[in-house]
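Subject: Structure handover and notes

Hello,

Here is the structure I promised to pass on. Please open it beside this message; my notes follow underneath.

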Amino acid sequence: MAKEPILSAKDIEICFHLRGRTLKPIRKCSLDLYEGETLAIVGESGSGKSVFTKSFIGMLDANGEIISGSILYGGVDIAKYKKEADWIKIRGKKIAMVFQDPMTSLNPLKKVGAQIQESIELHQGIKGEEAKKLTLEMLKKVGIPDPERRYNQYPHEFSGGMRQRVVIAIAVACHPQILICDEPTTALDVTIQAQILQLIRDLQKEFQMTVIYITHDLGVVANVADRVAVMYAGEIVEIGKVDEIFYDAWHPYTWALLSALPQLGVKGEDLPTIDGTPPNLYNEIVGDAFAPRNKYAMKIDFVKAPPYFDVTATHKAKTWLLDPRAPKMERPKAIQALRSKMKARG
């Protein structure tokens, strides 16, 4: 019997109202999330990754709103929540988020220990010395040495990697069921990136969390994910297990992302790029949003949006290439050789 998802987003549409115009960054987006898994959401900047997941914790900007669809969590449609009092029961306590820039996530005028302790006191109802003791334990868990001294320091006294550890401590302090990591290693050097990814893995195991990674770095995805969702222009165009996406991808956008992996570049040769630009989301999109940039596009791609086609029971892609009536199409040679290239580079 198939597992039930712990969170199920169905046909979510999100609009932002800007200077009398309406922008729709999320268009009929659906996603099921399962207990204990690590799901990576990948795509170019502006594809809607962060906006989509912010809707799970009620953190859309003031001019944004969910206009249709549902987000079922704990038997409740949280997409219908309008009051901060409702979201405070979910945000931080049940679903927490680690943002990509720790300096904007932390209050520069407040001691680091107080910021972690505030989260514990707010969501666990523990106060005073007991809350401080848990804060010191949390600092130790995220690998910050000398926690008693660090407790009384300000964010500017920490390095970038240490600040990110503090942000992770705040997010994990209340033992959320779901942890959303939005580009958690973007501003860090490679050595520190590896440490932060390992830290999140260790905390996930200890607290039995489900983790969502938002990233454009497919190298990170290969190392951490169980499943991968590929987003383009506000919708998930392909989703499957990590091996299925890397070695049996079917959406041309996924092919383009994989072909541009820096880790697979050949010295002296230019990396492949994706021609064109993403669509203007102020305008209504007709057909497949990726069609104008897709050298494999067929006439129908410009007329009608494709449905999802099942590749396997765990893998589906939103492309007319999988329609039985479509002409037989060989995937790019770079994609066909991806398994051997990845293996050769470890």
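Start with helix α11, residues 252-259. This helix is mostly covered, with 8 of its 8 residues buried. The buried set runs Pro 252, Tyr 253, Thr 254, Trp 255, Ala 256, Leu 257, Leu 258 and Ser 259. Keep in mind that this is a predicted model.

**The chain as a whole**

The chain holds 13 helices and 12 strands. Its C-alpha atoms fill a box of roughly 70 × 50 × 50 Å along the principal axes. Is the radius of gyration what a compact globule of 346 residues would have? The rule gives a value near 20 Å, and the chain has 21 Å, so the two agree. Of the 346 residues, 49% count as buried. Contacts reach far along the sequence: among those with a separation of 6 or more, 65% join residues 24 or more positions apart.

**Helices α7 and α8**

Look next at α7 (residues 160-172) and α8 (residues 190-207). They pack at an angle of about 15°, and their axes are 11 Å apart. Angles under 35 degrees count as roughly parallel. That is why α7 and α8 are described as roughly parallel to each other. Their crossing is right-handed.

Which residues meet there? From α7 come Gly 161, Gln 164, Arg 165, Ile 168 and Val 172. From α8 come Ile 192, Gln 195, Ile 196, Leu 199, Ile 200, Leu 203 and Phe 207. By class, this contact of α7 with α8 has 8 nonpolar, 3 polar and 1 charged residues.

Gln 164 of α7 deserves a closer look. Is Gln 164 buried or exposed? Its relative accessible area is 1%, so Gln 164 is buried. Neighbours within four places in sequence aside, Gln 164 is in contact with Val 98, Phe 99, Gln 100, Pro 102, Pro 184, Leu 188 and Ile 196. Of these, Ile 196 also appears in the list for the contact of α7 with α8.

Past α7, check His 175. This residue lies in the loop between α7 and β7 (178-182). Its phi is near 50°, a positive value in a residue other than glycine. With 45% relative accessibility, His 175 counts as partly exposed.

**Helices α4 and α5**

The other pair is α4 (residues 112-124) and α5 (residues 128-141). Their axes come within 9 Å and cross at roughly 120°. That angle makes α4 oblique to α5. The crossing of α4 and α5 is right-handed.

On the α4 side, the contact is made by Val 112, Gly 113, Ile 116, Gln 117, Ile 120, Glu 121 and Gln 124. On the α5 side, Gly 128, Ala 131, Lys 132, Leu 134, Thr 135, Met 138 and Leu 139 take part. The residues of this contact divide into 7 nonpolar, 5 polar and 2 charged.

Lys 133 is also found in α5. Lys 133 has a relative accessible area of 54% and is exposed. The cut-off for exposed is over 50%. The C-alpha atoms of Lys 133 and Glu 148 are separated by 9.7 Å, with the two positions 15 residues apart along the chain counted as their separation.

**Two loop residues**

Arg 19 sits in the loop between β1 (7-18) and β2 (21-33). Phi of Arg 19 is near 50°, a positive value in a residue other than glycine. Is Arg 19 buried or exposed? Its relative accessibility is 83%, so Arg 19 counts as exposed.

Gly 234 is found in the loop between β9 (227-232) and β10 (235-241). Gly 234 has 0% relative accessibility and therefore counts as buried. Where are its contacts? Leaving aside neighbours within four places in sequence, Gly 234 is in contact with Pro 25, Ile 26, Arg 27, Cys 29 and Ser 47. Gly 234 and Phe 309 are 75 residues apart in sequence, and their C-alpha atoms are 18 Å apart in space.

Best wishes

Note on methods: Residues are numbered from 1 along each chain as its sequence is written. This is a predicted model: local features need pLDDT of at least 70, side-chain atom pairs count only at pLDDT 80 or more; totals for chains, interfaces and linings use all residues. Side-chain values use heavy atoms; hydrogens and water are left out. Axes are lines fitted to C-alpha atoms, for helices over the stretch in contact, and angles run from 0 to 180 degrees between N-to-C directions. Helices (H or I, at least four residues) and strands (E, at least two) are DSSP runs, numbered from the N terminus. Angles under 35 degrees count as roughly parallel, over 145 as roughly antiparallel, 65 to 115 as roughly perpendicular and the rest as oblique. A crossing is left-handed if the near helix is turned anticlockwise from the far one by less than a right angle, and right-handed if clockwise. Contact means heavy atoms within 4.5 Å. Ala, Val, Leu, Ile, Met, Phe, Trp, Tyr, Cys and Pro count as nonpolar, Asp, Glu, Lys and Arg as charged, and the others, Gly among them, as polar. The radius of gyration is taken over C-alpha atoms; the globule rule is 2.2 Å times the number of residues to the power 0.38. Buried means under 20% relative accessible area, exposed over 50%, partly exposed in between (1.4 Å probe, protein chains only).
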